[in-house]
Structure formats: C-alpha cells, structure tokens
Amino acid sequence: MGAPPAPVRADVRAQAADASRAGRPLLSLALASMMEEVQAHSGAVYLMAADQPVLEMAVAAGLPRVFAAPWERVGLSAPIPVAEAVRERRLVWVGGEEDMARRYPRIAVVLPYPFALAALPVATAETVFGAVYVTWPGAHPTVLSDREREVLTAGCDRLAVRLERAARENRALCAEPEPPEPSPSATGPSAMVEAARMVGRLPYGLASLDVHGRVVFANGAAAELLGVRVDDLLGTQPWVSVPWLNDPMYEDRYRAALISQHVTSFVALKPPGDWLSFRMYPSTSGLTTRISRARDVAEMVGALPRSEAAASPRLVTISQVLSLAGALTEAVGVQDVVQLVADEVVPAVGSQALVVLGSRGGRLHVLGHRGYEDPRTVERFDGVPLAERTPGTHVLNTGVPAFFESRQQLERLYPNRRETPDGFAAWAYLPLIASGRPVGTCVLAYAEPHAFPADERAVLTSLGGLIAQALERALLYDAKNQLAHGLQAALLPHSLAPPAGIEAAARYLPAMHGMEIGGDFYDLVPTRPLAAAVIGDVQGHNVTAAGLMGQIRTGVRAFTTVGQTPEEVMRSTNRLLIDFGADLFASCLYLRLDPARGRAVMARAGHPPPLLRRPDGRVRVLDLAGGPLLGIDAEATYPTTEVALAPGSVLALYTDGLVESPGVDIEDALVDLGELLAENGDQPLDKLADTLVRHSAAAQERVDDVAVLLLRARDDG
C-alpha cells in the first residue's frame, strides 16, 4: 500500500480553475492535452466531492459518457482504478481485459472488451483534488511506456497546481463542456456530392454512426435492407429505430467496436427469415457499418474457426450476468452457491461439470461438485496439501486464473494428472477472490477440447469475482450456523428424564431469520420426591438471548434442587435476571409434577397459557394466576394454581412462536391449536409433538423461535 492520502479540502469542488474567468475550460483542456500526447482514445477527470469521500466525474472525452455511467460517482473505498489511485497516491495501470477481469471484476462485467487503462491522482503534496483516467484500444502494449508515464504524471501534476492556485484565490469553478469530438477533414462541396453518389450506387448497405451510436448517414441499400426509410434512420440509434435490432447484444457489439477499436461483426435475423451481416469499422469519431445479406448462415458459421463460431452461444450475456448476480444474493450456504453456479453458469458457458475448491488447515477442501459420474474422481483431491503442485492448489495460492484447452496442455504442465483422469478434455480454473484474498477456486470442465479466446477468459474471470463474493458470505454463514447450532444444542437438554408416571417429548425450532439461535428454552428437572418442568422465552433470537437463556435455565435447576416452592423458584429467577442487568425480559411457565396424586402446581410469568387435553379428548386453555414478565419488577410475586392431571391427560406447554403469526388473531390460533391437540392427542407423544409443529401456521413461517414441551400422565400402578 502507498502512503495514506493527504487531507482533502472540503471546498475543492466549488473552487476555481485558474483560467475559468477567461472562459477557458481548464479540466477539458488538460484532459484533451494528455489524451493527445499519449494517443489515448478516451478519458475523464474526477474531482473530490465537497462534503464526503467521493469522486465525481467532472468531464469525459473520447467515448460516450454513458459508457462510464456506473462510475459517475465513486467512493474512495470502491475497488476500481481511479479510487485506488487516490487512496494509494500512485499511478494504477491495467494492461488489458484479462488484467481488468482479474483485478477489477466489477468493471470487466460491464465492459468486457479489450482496452488498457491508466488512472492517476490529481494531487499536490498537501491536497488531493481528484483523479484522471485515460484508456487505449486493445492493440496497446500490455506495459505502459516510460514516456506515457511521464506525460500523464506531469499533466496531472500541472492540473493539481492550477487547481490549488484557483482554490487559494477562491475562484468558482464553471461548468465545462465535454472536449470536442474529432471532426472529419474539410472537403469541397463537389467532392462531397460525388462521394454521396458513389456510396448510393453500391450494392450493399453503408451507414455511418457517431460515437453515441446515432446514424448520421445511410445509403438507400442500407435503408432497403433494414426495412426503414433513410429519414427515419437519421439521428437515431439503429437498435431503437429498427425493431428487430432491439436486442442488448447488438448494442454490445457497437460498444465493443468503439472501446477496442477493433473491427467487429455479427449477424441478425430480419423477420421472417432474412439473415443480414453487419460489419463495423471503428475510428475515434464513430463507426462505418457495412450491411449485406448473409445468404447461408449455417455455412458461414460452419466455416468460422472453432473459437469464433462457438463464442456467441457460450459467452455470457449482460442479462445472464444480472440474473446470476441476483440469484447469488439469495444463496445462503456453500451448497446453495455450488448449486446456483451449476444451474446458471455451467450451461451459459458451455461446460459440463463443476468443482468448487476451498482450503482448510493448509489442505485443499472440495466444497462441492456437479457433473461427475463418479464422485470419487473429485473427492480424492480432498485433503491434498496446498504445497502439492496441482492446478487447483496453484490457482488457490496465487489467485491467477488458468485455462487448459486440451488434456495434452494440462498434462504438459502437470504430468501427475495422467494418473488421475477425470473424463474431461478442457478446464478453466477461476480464482475466487473476495475482500482482497482467495477464498476458493471454481473449476469448469468441458467434455471436448475447448479454445478460450481472450474475451471469454475475461468474462469467466469476472464471473469468478461474483461467485467469490457469494462464496465468502456463504462460508461465513455456514460457520455462524454451525456455531449457532452447537451453542443451542449445548444450552438445551440433550435428553429428558421424566419421573415415574410421566411421559415427555419436546421440540425446538429456531427462527428463520437471524443466526438460527434464540432464547426459547425448556427443561425437565428430575428432583425427588417431585419433579419439575419449565418452559420459557427470553426476548430476542440472538447470541445474547441464548446466553441469558442458559443462565436462567441453570438458575431454575438450582432453585428447584434446593427445594424451593414454585412461587419461590419464580421469584428467585426474577431477581437473578434483574441482577444480571441484561435489559432483557423473559416469560416463563414453571410446574411441579405430582403424578402419584394426579396433580400439578403451576406458576406463570407472562407466558402463554398451557393447554390441557383430558382423557376424554376435550381440550381447555388453563387460565392460570400469574405475575409479570421476569426481569421487570424485583418485588413481583407469582401466585400458583393447582391443576388436576389424571392418567391419560396431556399438558401442552409452548412458547409464543407456536401461535403468534402476523395477521393471525392469537385467540383464533389457540382455538386451532386446541382442535389439533384434541384430534391427535392419542398419538405417541413424539409423533404428537411433530404434528403440532408441522401443522402450525406460525411455526411454518417462524418469525420467532418455537419450543414445545408435552407431558402425558400415565397410570403405572
């Protein structure tokens, strides 16, 4: 990392350029001068916002500003070149599309074209004013020359000095026009007329588009082929004025030609069955497009080289990327991510199998796989030391993608793979990098040898960036989920030991939101001569609630063991919760069981009333005396109620998560629960517990934790 940025003036955006009063656009002229000296074909100047750490695009040149629309305003922490240049106070160089895809996948997903980019800070020793970036077509060398570096650095330094002088003199910055687009060389009127006549006589269509994609000229043959009058074409974008060209793929080809400055072509179907060929010849001022009939598309595609012919169906479209990004935001665990990649990415890129690799304890770990007939083909790599030389460990360690177009190419670099064939013929190993570190590797396998052209490598590497972010979240979720389940299991009883004459069954379900851990609890305390049962609910469903629940459950057990009465147990537990100072409340229902006498003594603290199913099948809600929630009033009392518990009776104790649901009246929910208990009360107790939980609407939605404790009195005499 470079030195931290110097303090930024809060009023930079509102300060003057040294030439603004004279009407000379300082920023535009500085940008145009730098672009001309280094032969860049586009660029932009950013200025620091006045009141926040944000870069705002002030002027842009060379290409339509809409191309950079996602980065009009950029936070200094954003993982893009201009922000990095300001953060680290240095020139940032991106040598091509693969370099962009690997280091800045967010940009590569939107602009998956061959181009090079340099970003520099505009700063003096004391103040950062903004940043500049310039780009070159894909033909630019992958290394920035010393001359280009010197020109750009000197230009940014001069601009920073002028902005500092203007700020010191408190001169307001005027709105600046974009630098003018290059204009064609002047020609005489007669020559222009003759050129128009010549183009009009050509048997194929010709159209000229400016850098914004607008048609500025079209001959009659172009209008006839497109099925639109020349007057209706002029001044419009073809994908807007020609209905059957209204597809993002065609606009994407125009962008690709302008940004890369490479000749680009495509074919399109004009309904009902005419195929047309479009070939675009770019320059810095726009595009010339040649339009002709593609008489036999099938023959044309068959004649293309394999990589070019296969590119169109395999390359991921913008809509597919957006679909994948949206789907990955919904992935929760690691297996969700693996399945989504198998469903969304594998078909889109034309591969037939997938492996997602991670690391643990210095060894390779297979997180998931799809498409392999014999799982052992993949699983034998699980546990391989990261120091061992394999393509999976290499990509995971270095974060650099690897593409193998054939088995021979793979075995030439990794001879040991001859001994472990997987049945496939080509592979793409994509590094999954999130938060600046490798979190895994995605391996795409192909059944046939497969060429990976530069644009496909860039798209695949960019997709790896999206997958990596989802995988990082999923790994964290799985770790938290495992911790939550372990903690919950430790805090709740592993088994129930009911006294003679009592059967017991319990269920616990965490809320569907949060960490899947909560404050609901239950317990059965096998003290003599009378056992006790308890169920309760600590406010919240998080680690704090779970920890407090464990302390309350331990306190109830201790107070019961020393022989306190039900009322005393509740009062002691209430004071204990207040002494903890946790600012959380808890509901609780405590009962002392006496099956020999067929009685139960209960105390309630703001808890939902239990249900009692009598041996004849009738169910009633027990209206118990009680006191306030635990943790509110240190002097609260909790009167008790004695209830008859004849053999065959079933007591249903539960927390509010079983009956409370948005839009459902609590009394209606209790009636439904009572009917369910009446109809199924003769079932074995474990089956009855499952029935109550499965058929409860509130339990299915689970906005809160659910705990159920069922007690059945039986005649052991």
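The following exercises, each with a worked solution, concern a predicted model of a protein.

**Exercise 1. The protein as a whole**

Task: State how many helices and strands the protein has, and describe its burial, contacts and surface.

Solution:
- Step 1. The count of secondary structure elements is 23 helices and 27 strands.
- Step 2. Of the 717 residues in the protein, 52% are buried; a residue counts as buried when its relative accessible area is under 20%.
- Step 3. Among contacts with a separation of 6 or more, 62% are made by residues 24 or more positions apart.
- Step 4. The accessible surface is about 32800 Å², and carbon and sulfur atoms supply 53% of this surface.

**Exercise 2. The packing of H1 and H5**

Task: Determine how helix H1 and helix H5 are oriented towards each other, and which residues meet.

Solution:
- Step 1. Locate the elements: helix H1 covers residues 26–38, and helix H5 covers residues 146–168.
- Step 2. Their axes lie 9 Å apart, at an angle of about 170 degrees.
- Step 3. Angles over 145 degrees count as roughly antiparallel. H1 and H5 are therefore roughly antiparallel.
- Step 4. On the H1 side, the contact is made by Leu26, Leu27, Ala30, Met34, Glu37 and Val38. On the H5 side, the residues include Arg147, Val151, Leu152, Leu159 and Leu163.
- Step 5. Sorting the residues of this contact by type gives 10 nonpolar, 1 polar and 5 charged.

**Exercise 3. One residue of H5**

Task: Decide whether Val151 is buried or exposed, and state which residues Val151 touches beyond four places in sequence.

Solution:
- Step 1. Val151 belongs to helix H5.
- Step 2. The relative accessible area of Val151 is 14%, so this residue is buried.
- Step 3. With residues up to four places away in sequence set aside, Val151 touches Glu37 and Val38.
- Step 4. Val151 and Val38 are separated by 113 residues in sequence, yet their C-alpha atoms are 7.3 Å apart in space.

**Exercise 4. A sheet of 6 strands**

Task: Give the strand order of the sheet that contains E1, identify its edges, and name the helix that packs on the sheet.

Solution:
- Step 1. Strands of a sheet pair through backbone hydrogen bonds, in either a parallel or an antiparallel manner.
- Step 2. Here 6 strands form an open sheet with antiparallel pairing, in the order E3-E2-E1-E6-E5-E4.
- Step 3. The edge strands are E3 (73–75) and E4 (92–94), each of which pairs on one side only.
- Step 4. From one strand to the next, the twist averages 20 degrees.
- Step 5. As an example of pairing, E1 (residues 42–48) and E2 (residues 54–61) are antiparallel and share 6 bridges. Within this pair, Gly43 stands opposite Ala61 in E2.
- Step 6. Helix H2 (residues 81–88) packs on the sheet and touches E1, E2, E3, E4, E5 and E6. The direction of H2 makes about 35 degrees with that of E5.

**Exercise 5. A sheet of 5 strands**

Task: Explain why one side of E8 and one side of E9 have no neighbour in their sheet, and describe the packing of H10.

Solution:
- Step 1. An open sheet of 5 strands, paired antiparallel, has the order E8-E7-E11-E10-E9.
- Step 2. E8 (215–218) and E9 stand at the edges with a single partner strand each, so one side of each lacks a neighbour in the sheet.
- Step 3. On average, neighbouring strands of this sheet are turned by 25 degrees against each other, direction ignored.
- Step 4. E7 (residues 205–210) pairs with E8 in the antiparallel sense over 3 bridges. The bridge partner of Leu209 in E8 is Val215.
- Step 5. H10 packs on the sheet, touching E7, E9, E10 and E11, and its direction makes about 165 degrees with that of E9.

**Exercise 6. Backbone angles in loops**

Task: Find where the cis peptide bonds of Pro272 and Pro529 lie, and describe the phi values of Arg89 and Gln261.

Solution:
- Step 1. Most peptide bonds are trans, and most residues other than glycine have a negative phi.
- Step 2. The bond from Pro271 to Pro272 is cis, with omega near 10 degrees; Pro272 lies in the loop between E9 (264–270) and E10 (274–283).
- Step 3. Arg528 and Pro529 are also joined by a cis bond, with omega about 5 degrees; Pro529 lies in the loop between E18 (520–525) and E19 (532–538).
- Step 4. Arg89, in the loop between H2 and E4, has a positive phi near 55 degrees. Its relative accessible area is 26%, so Arg89 is partly exposed.
- Step 5. Gln261, in the loop between H10 (248–260) and E9, has a positive phi of about 60 degrees. With a relative accessible area of 21%, Gln261 is partly exposed.

Conventions: Residues are numbered from 1 along each chain as its sequence is written. This is a predicted model: local features need pLDDT of at least 70, side-chain atom pairs count only at pLDDT 80 or more; totals for chains, interfaces and linings use all residues. Side-chain values use heavy atoms; hydrogens and water are left out. Axes are lines fitted to C-alpha atoms, for helices over the stretch in contact, and angles run from 0 to 180 degrees between N-to-C directions. Helices (H or I, at least four residues) and strands (E, at least two) are DSSP runs, numbered from the N terminus. Angles under 35 degrees count as roughly parallel, over 145 as roughly antiparallel, 65 to 115 as roughly perpendicular and the rest as oblique. Contact means heavy atoms within 4.5 Å. Ala, Val, Leu, Ile, Met, Phe, Trp, Tyr, Cys and Pro count as nonpolar, Asp, Glu, Lys and Arg as charged, and the others, Gly among them, as polar. Two strands pair if DSSP finds at least two bridges between them. Buried means under 20% relative accessible area, exposed over 50%, partly exposed in between (1.4 Å probe, protein chains only). Accessible areas come from the Shrake-Rupley method with a 1.4 Å probe; for residues, only the protein chains shown count as cover.
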